[in-house]
Structures are given as structure tokens and as C-alpha cells.
Amino acid sequence: MKQFFKKKIIIPVLAGILFLSTTAFKNDFFEIAKQLEIFTTLFKEINMNYVDETNPGDLMDIAIKSMLESLDPYTNFMNEQDVEAARINNTGDYTGIGAKIKTFEDKLVVVEPYKDYPADKAGLKAGDEIIKVGSVLIETYKDYAGDLLKGAPNSEIEVTYIRQGKTQTATIKRAEVEIKAVPYFSMINEKTGYIVLSKFNKKAHKETNYALRDLKAQGAERIILDLRGNPGGLLNEAIKIVNLFVPKGQLVVTTKSKVKQYNKTYYTQDEPIDTEIPLVILINGRSASASEIVSGALQDLDRAVVVGSRSFGKGLVQRPKLLTYGTQVKITISRYYTPSGRCIQALDYWHRDEKGDAVRVKQEQYNAFKTKNGRQVFDGGGVYPDVLVGQNKKSPVATAIVNNDLIFNYATNYYYSHKIDDINTFELSDADFSDFKKYLKTNNFSFETETEKALYKAFEIATNEELNDNIEKDYNTLIANLKQSKSDVIDENKSFLMESITEDIVKHYAYREGLFDYYKTHDARIKKATEILNNPNKYSEFLK
């Protein structure tokens, strides 16, 4: 009788749950269909009736981007060019001139020629401004100008470029270009190997595996894996790289989503290369996503000592979805969690401040977790290193200097005005920093702080209300003091700026490979990592 009543109770409950789920699905579907219909009719009426001619493509582009910006920075619409760029980023292969290029409205700037590739062989250097490709002027080209440099292997193209004010031409024979995930590896000393992993494309595991085996064959008994500046990439590659150092069957990462099929647990699938070799991972504020999965997992498993500065804090996973006409949308589908259970997402995109910016998770909101050996680690703010080294101060003023290419341009000018016999002994002086500050003034660097904007607005309102007579003197004094404060901020950011300038100058002289050689003897994080690895007791103490 009891069993009968249980069945009578359970069946209606299950039916109720099914009804509610179906109803919820129908309501969601109806709401989506309703909003699509409203938008379609609105879009048609605007384009048919607006007083001036409209561009439907531009309007739709703005509408899509504005909608996605309200979610997070990683949910993006990708047009055909974006899809191709994503393919190149994931595969690491394309056909072109072999150089990192920055696109402007009237020129293409060579940021970095890749050593021994076509652009380099044709004599192009960092800082060259390409103004014409073949017979096509960049300033009059309406589509994406970077595509002009791509083409079939062995096809030739003439480029016209400006170098230090002089116009020159070069003929470049295009070739297949391989963008390496591991651009550099070598021995630092007789027992320490150094591997730079710059991205998680489809070659990341294969190249890291090869580098690790090669270094061990050279006598490496300890390894430094450099993930600084690595923005991430493919999740599966990150799991395989963790697998190089931990046994088969080890939990690496868990993803959680509102969509059940995206809830997954990822374990290592293969036999490792070496589960005992002492390992240090280097990270910084530009180590994100898959870099944080690798560093966070190896930290949680007490398999590596993490050195550097706090990572970016991107605890979100994206997946591309195919759309029509060769386009795609990359959607944030889930959050990921390291083996200890922490999500290291640093910015809360679902709670915004009065300016609409994502709110940073506050330290008092962090939750504590335990590593395999019981060490305490925290979520909410990226991967925090076991050893904090070289967290250079970087203010919005310093960021603006970088974003305006002033460091890159200064390094370009330095290259053409200084002869350096041995780049590995190169160091900037205080006189060089003073010269850089003069360069900023000469090039009219101006960065309007939020404080200045607020003061300008307040004074403008006071002027409109005819209240400015008695406050104009004080206002001018405040503005003058602010300008002096900005100058002081540049001095406060000296360490970061000097390091950034040095890196760009070294790359101008010795390519990216030369920069990694330079790091081995000058970089404070590598020195600290080497020091830890040289002392087995100290290394073990960090992991207890």
C-alpha cells in the first residue's frame, strides 16, 4: 500500500516538473521569437523611412556589438576576416610575408618581422610604415588592408614603405608562415631548462613536449615554463601540457554552465613525460585563460612553484558557433574551475559600476581553497603566485603611453640612432629615461585623467551658470597641479616603462629570439626561478 501511494505521489510530481520545464522552455522560446520580430520590424522601418540614407550593414554591426558588449568582452561576433584570423591563431599557419603588422587607416606598420621569413629577407624592419601594396594605396583601400599582404606561396608583391622619413620599396616573395606556440627553448645553465610557451594553439602540446624532451636530453634536471604574456587559447592543449608533468587520470579542470551539455570534467589522458622534475611556472598580468588553467592546476596539485605577478583572471570558456554567410559568434558558455574547486575570474561582468564597467571582485570576497598538500589558495583574482616578483607599477598614464605606441616608436628611433655591439650587455641609463620623457613632450603626449574630465565638466557648468568668475583662478591652479602630478606619475612608473622600452629595443636589434636570450641573464623573474630551483630544500618548502 505504501509503495502504491509513493507511486501516486511521484508520478504527479514528475509530471509537474516536466510541465514546468516545458513551460519554461516555451516561455523562453516565445520571448526570443517576440523580441526578434520586434527587432526585425524596427530595423525595416528605420532603413525604409529614416530622413537620410542608411547603411543597413553598419547599423546591424553597431547593434550586434552594442548587445554583446553588455555581456562580457569575450562574447564576440566574428565576420569573415575575424574567422580567418581565429583560424590562423588556432592552427599557427598562414601564407604571407611573415611579420606582425598593425593596421591603421593610412598605413600598415611592421611591428615585428619574423626572423628568416620573407619580410625579414626583403629587408623590412620594425617601425617601417607600409603605405602602398602593389598599386593599392592603403589610405584609399576600403577593406581590411592587412589582407593585401597575403597570397599564394612564392607569389611576389612590391611594397612601398616609409623608414625614418624616407620612402623606399621592397619586393617580397610570400611564403608559408608558421607561428610557433613555443618560440624559444634552451638551457639556462648546465641543469636548468627554459621553455617559452606564448600561445595555446593546436601545436602547443606537441612543441612543449618536444622542447621538454630535448632539454632533458641536454641534461636538464629542472624546468622553467614561461607563460608570461600568454593570452590562452585551446582548452584541450592546456590539459595536455599539464599532463606532461602529472600522471594519467588526474583532474585538471571542470567547466560549469547553465547548459547541461557544457558541464564537463577534464582529466589527463596520457602517460606523463616526468612527474618528478622540479618545475617553476612564470606568470604575469597578461597570462590568461589556458595559461591560468595550466598554472592554476599545477599550483593546486603542488606540482610547480608559481613565480611572477598575479595573472589576468579570466575564468570563462568560449565556444564558436557558426552563423550564416561565413560568420561566427564566439559565446561564453561556461566558467572553469581548477582542481581545488576555485574559479579565478577577477572581473564581474554581470554587476557594473555607474560608468558601466565590470566590477573587480574584492579581496574580502575571495574564498579559500586547499591544494593537494593543504596549502591555502584563493579564487576571485586570478592565479596568485607562490613567489611575488617584479610586480611593476602600471598606472593608466603608463598604459596610455604603451597604447599610443610611444614606447615602440621611441625604440625604433633609438635603433636608428645608436650602435650596440653586444645586445646582451645592453642596459638603459637614467639619462635614457630623461630622454624618453623629453620624447613624450616633443610628441605631444597628453592623457586626460578622469579627474581632469570631471574638473573640465564642472568648470563648463559653472561658466554656463555664470559662476566662474571667482573660481577660475583656483581652477587653473588645480589643472596646473594635475599636470605636474601626471609628470610625477611617469617617474613613479619608471621601472615598468624602462623594462618595456628595453624589451622593444632588444627586439629591434635581435628579434624575439634575442629577447629571450637577453631575459636569461637580465630578467628578475628568471633569476628568482633559477635561485629556487638551485635549492631543492627551498623548492620543496614552497610546496609543503
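**Close-up 1. Helix α6 and its buried residues.** In α6, the buried residues are L235, E237, A238, I239, I241, V242 and N243. This is a predicted model, so every view here shows a prediction. Helix α6 runs over residues 235-243, and because 7 of its 9 residues are buried, the rest of the structure largely encloses it. What does the covering? Among the elements lying over the buried residues of α6 are two helices, α5 (204-217) and α7 (290-300). Strands join in too, including β12 (222-226), β13 (251-256) and β14 (264-267).

**Close-up 2. Helix α3 and its buried side.** Take a look at α3, a helix of 12 residues spanning 80-91. From first C-alpha to last, α3 reaches 17 Å, close to the 16 Å expected at 1.5 Å a residue. Which residues of α3 are buried? They are V83, I88 and T91. These residues sit on the same side of α3, because they cover an arc of only 140° around the axis. As for their packing partners, the buried residues of α3 pack against three strands: β1 (76-78), β2 (93-96) and β18 (328-337).

**Close-up 3. The two ends of α3.** Now for what happens where this helix begins and where it finishes. At the start of α3, N79 has a side-chain oxygen that comes to within 3.1 Å of the backbone nitrogen of Q81. Just after α3 comes G92, and this glycine takes a positive phi of about 80°.

**Close-up 4. The second largest pocket.** Here's some open space to explore: the second largest pocket, with a volume of about 660 Å³. Its lining is made up of 22 residues. Which of them lie nearest the centre of the pocket? That would be L71, T75, V329, I331 and T332. Helix α2 (56-69) and the strands β17 (316-322) and β18 each supply at least two residues of the lining. Strand β18 gives the most, with 6 residues. You've already met β18 as one of the strands that the buried residues of α3 pack against.

**Close-up 5. D422 in its loop.** Our last stop is D422, found in the loop between helices α9 (406-417) and α10 (430-442). Is D422 buried or partly exposed? Its relative accessibility is 37%, so D422 counts as partly exposed. The side chain of D422 reaches the backbone nitrogen of N424 at 3.1 Å. Also in view is Y509, which is 87 residues from D422 along the chain. The C-alpha atoms of D422 and Y509 are separated by 9.8 Å.

Methods. Residues numbered from 1 in each chain as written. Predicted model: local features only at pLDDT ≥ 70, side-chain atom pairs only at ≥ 80, totals over all residues. Heavy atoms only, no water. Helix = DSSP H or I, 4+ residues; strand = E, 2+ residues; numbered from the N terminus. Expected span 1.5 Å × (residues − 1). Buried < 20%, exposed > 50% of the residue type's maximum accessible area, 1.4 Å probe, protein only. Arc of directions from axis to C-beta. Contact = heavy atoms within 4.5 Å. Polar contact = N/O pair within 3.5 Å; in protein donor to acceptor, adjacent residues only side chain to side chain. 1 Å grid on protein atoms, 1.4 Å probe; cavity = no way out; pocket = protein on both sides within 12 Å on 5 of 7 lines; lining within 4 Å. Points joined across faces, edges and corners; volume = space filled by probe spheres on them.
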